[in-house]
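Subject: Structure for your review

Dear colleague,

Please find below the structure that I am handing over to you, followed by an account of what was found in it. I should be grateful if you would read the text with the structure open beside it.

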Amino acid sequence: MILNRRTFIGTGAAAAAILSSPMVIASGHAKRVVVVGGGAGGATAARYIAKDSDGEIDVTLVEPTRQYYTCFFSNLYIGGFRDISSIGHSYGALASEYGINVVHDWAIGVDRDAKSVTLAGGAVLPYDRLILSPGIDFIDGSVEGWDISKQNKMPHAYKAGSQTELLKAQIEAMPEGGVYAMVAPPNPYRCPPGPYERISMVAHLLKGINPTAKILVVDPKPKFSKMALFTEGWDNHYGGMIDWLGPDMGGQSASVNTDAMTVTIDGVEEKVDVCNVIPAQKAGKICEIAGINEGNWAPVTGHTMQSRMDENIHVLGDATNQGDMPKSGFSANSQAKVAAMAVRGELTGSKVFPARFSNTCWSLIDTDDGVKVGATYEATDEKIAKVDGFISQTGEDAALRKATYEESVGWYAGITADMFG
Amino acid sequence: MFGRCVLAVFLFAAGNAQACVDGEALLGEAVYGECSSCHDVGPGARNRIGPPLNGIFGRTAATGSERYRYSMPLIRAGEAGLVWNCETLDAYLADPRSFVEGTKMNYPGLRDYGDRVDLLAYLKQFSKDSKHGEIDHMPEPQLEVDLPPEILGMEGDPEYGEYLSSECVTCHGRDGGNEGIPSIASWPSEDFIIVMHAYKLKIRSNPVMQLVAGRLSDEEIAGLAAFFESIKMDY
Ligand SMILES: Cc1cc2nc3c(=O)[nH]c(=O)nc-3n(C[C@H](O)[C@H](O)[C@H](O)COP(=O)(O)OP(=O)(O)OC[C@H]3O[C@@H](n4cnc5c(N)ncnc54)[C@H](O)[C@@H]3O)c2cc1C
């Protein structure tokens, strides 16, 4: 049962009855934080607030799925380096060890005046502070011929789980010498190196089971994250298998036909066996519903991750427009800790330190051939600004690449423990 | 829990009592290189990530180094009667985590018997009952970076350290796991400070750590060191 402040103070007889129950008094006093989205941003924020607030803040986490499959390492599943269960995580510990109220439902409405969130199941959750970390949604019509209803014919696999399994099964079922095509997304999108790590992992899979198969990447961008590292790796490991077509080769305006299984590039129709469409992206729909977007994303201030439209709402991760950080799980996790500290500071007066952020994105090109790119950031009034950064170099020796891959395995264990306890 | 540890100790006590008879101390010194990133031995040896190994032979497990925080399973094994000798050390070194389940020694094990016997012969020189007995032929251990005492001994603010640590635990799990990225929980503060300054000065090469350490002030490093040292690992 959810008790709101008005009923608590307002009704005399009921109030007397309530006062005799210590539990209800506690929930009447505790501040309420509602977190929408149990991914890299939301799960971390919920855990840090619950962990550090000694019961002074009631945390409710709204997330429709019971098992969260990380997009990070989902490409490694496609490559055969991970099984699907190893990238699935439940919310059990967040509920049992941290006392977070985990509600498996969709948020479908936000009333910013009443400060409440409405769930698809009908419940209304009042909040003192709302945290939105809903990830991304796709922009309909960004790839002609594709919309979300076609996702089983031409999977995006850009939200992990059944989509990732479907894509892998389709690749495994390709005829000998068949064609896998990817329609890559325009900027900005989640995980800048993600599509190209995926190409590497698809190539690794096909090299083992279907070595005469071809990979076609249709890309609207003239260059992409870690481009020199990926192209070097593709030449070294998968020579001749991968064709990348940038905007000057028609990558700008590809269209697809899901019935005919074709991709049309510069007027030329290509018959393909698997087509992985990664459309243009925008903030998860709940941000639009809450009315906190500017264009496709929710602008925030880096000092606290508060929405620039509503100081009672903090937005995290992929959904934000924050400045220089890439849309990554590492970034979302880093931002979540800044928001958790700010929210505790506002609601309980706990100490607040200046925001600091960091990000590292590892990618696997082939067995034991890992590369990484990373940077540190700070909050300025205008944005989250990059301070310093590094990137793996081409031509590094095998031992360093192997150590880099092993580091990513350690990071995966670390960040998932940091999210789910 | 207690019962399980006792069982573990005796179940796996399959070391070889001959282990320090056959070894070559000189060869063992090279093998010891692997241990030296965490353990000191010889004059001036101090607690680091692991305790010093002076006098290890004949000692009850998890005793000997004051102020070192041994893991609970090792303490329990000691209480159950585990004494370090050729046989038990041989078995422990071969596969630490099978021999004492839950030990905080994050080392996968030295599988080669020849390496183990050489290592034991080397270590035995630093225990009283060895024929050398004396240990003063060892040079003072060299620190990785030369830091002035006011930085090395700086008292950090653990509360600030805890805040800063949220950046570390994205990769360094707090549960002592050691997959690809080392656990840093419970590290002695001095070691922590030395290592972070080694990254800051780019003596150590990992670029992620160079970046992270590069923007930490001396006080911030000390705060982190104080916080991580204070984490008690319940192995
Ligand atoms: C193939 C691929 C590889 C990647 N690799 C890496 C990598 O190696 N490293 C890295 O750091 N990042 C990587 N990423 C990026 C990373 O997955 C995302 O940046 C990260 O998940 C963003 O976190 P988030 O909290 O913003 O969103 P998400 O983690 O997507 O979480 C959003 C959650 O919100 C829920 N949700 C959405 N709407 C609602 C609603 N209305 N009500 C309730 N719940 C809702 C969703 O179910 C979802 O669980 C990769 C991404 C992809 C696609």
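Helix α11(A) supplies three residues to the shell around the ligand, the largest share of that shell. Please bear in mind throughout that this is a predicted model. In full, 34 residues surround the ligand, and E63(A), Y68(A), S133(A), R190(A) and D318(A) are the closest of them. By character, the shell comprises 17 nonpolar, eleven polar and six charged residues. Domain 1 of chain A (5-137 + 282-352) and domain 2 of chain A (140-279) each contribute at least three residues to the shell.

Polar contacts between ligand and backbone

Three backbone contacts deserve your attention. A polar backbone atom of G41(A) is 2.8 Å from an oxygen atom of the ligand. For G329(A), a polar backbone atom is 2.8 Å from a nitrogen atom of the ligand. In the case of F330(A), a backbone N or O atom lies 2.8 Å from an oxygen atom of the ligand. On its own the ligand has 1,000 Å² of accessible area, and the protein covers 93% of this. The elements that give two or more residues to the shell are α4 (40-52), α5 (74-79) and α11 (329-348), which belong to chain A.

Chain A as a whole

Chain A contains twelve helices and 24 strands. Its radius of gyration is 23 Å, close to the 22 Å that the globule rule gives for 421 residues, so chain A is as compact as a globular protein of that length. Along the principal axes, the C-alpha atoms of chain A fill a box of roughly 80 × 45 × 40 Å. Of the 421 residues in this chain, 57% count as buried.

Backbone features of chain A

The peptide bond that runs from N187(A) to P188(A) is cis, and its omega is near -10 degrees. P188(A) is located in the loop between β11 (179-183) and α8 (194-209) of chain A.

Two aspartates also merit a look. D54(A) is not a glycine, yet it has a positive phi of about 50 degrees. The loop that holds D54(A) lies between α4 and β2 (57-62) of chain A. With a relative accessible area of 72%, D54(A) is exposed, because a residue counts as exposed when this value is over 50%.

D266(A), likewise not a glycine, has a positive phi of about 55 degrees. D266(A) is placed in the loop between β15 (262-265) and β16 (268-271) of chain A. Is D266(A) buried or exposed? The relative accessible area of D266(A) is 55%, and this residue is therefore exposed.

Residues apart in sequence, compared in space

In chain A, V59(A) belongs to strand β2. V59(A) is buried, its relative accessible area being 5%. Although V59(A) and G99(A) are 40 residues apart along the chain, their C-alpha atoms are separated by 7.9 Å.

E232(A) is part of helix α9 (residues 227-238) of chain A. Its relative accessibility is 22%, so E232(A) counts as partly exposed. How far apart in space are E232(A) and G395(A), C-alpha to C-alpha? The distance is 8.4 Å, while in sequence E232(A) and G395(A) are 163 residues apart.

Chain B

Chain B has eleven helices and zero strands. Its pattern along the sequence reads α-α-α-α-α-α-α-α-α-α-α. Of the 235 residues in chain B, 51% are buried.

One residue of this chain may serve as an example. F192(B) sits in helix α9 (residues 189-200) of chain B. F192(B) has a relative accessible area of 3% and is buried. R48(B) is 144 residues from F192(B) in sequence, and the two are 9.3 Å apart in space, C-alpha to C-alpha.

To return to the ligand, you may wish to begin with G41(A), G329(A) and F330(A), whose backbone atoms lie 2.8 Å from atoms of the ligand.

With kind regards

Conventions
Residues numbered from 1 in each chain as written. Chains lettered and ligands numbered in written order. Predicted model: local features only at pLDDT ≥ 70, side-chain atom pairs only at ≥ 80, totals over all residues. Heavy atoms only, no water. Near = heavy atom within 4 Å. Polar contact = N/O pair within 3.5 Å; in protein donor to acceptor, adjacent residues only side chain to side chain. Areas by Shrake-Rupley, 256 points an atom, 1.4 Å probe, with all protein chains shown as cover. Helix = DSSP H or I, 4+ residues; strand = E, 2+ residues; numbered from the N terminus. Nonpolar A, V, L, I, M, F, W, Y, C, P; charged D, E, K, R; others polar. Domains from an automatic or database assignment. Rg over C-alpha atoms; globule rule 2.2 N^0.38 Å. Buried < 20%, exposed > 50% of the residue type's maximum accessible area, 1.4 Å probe, protein only.
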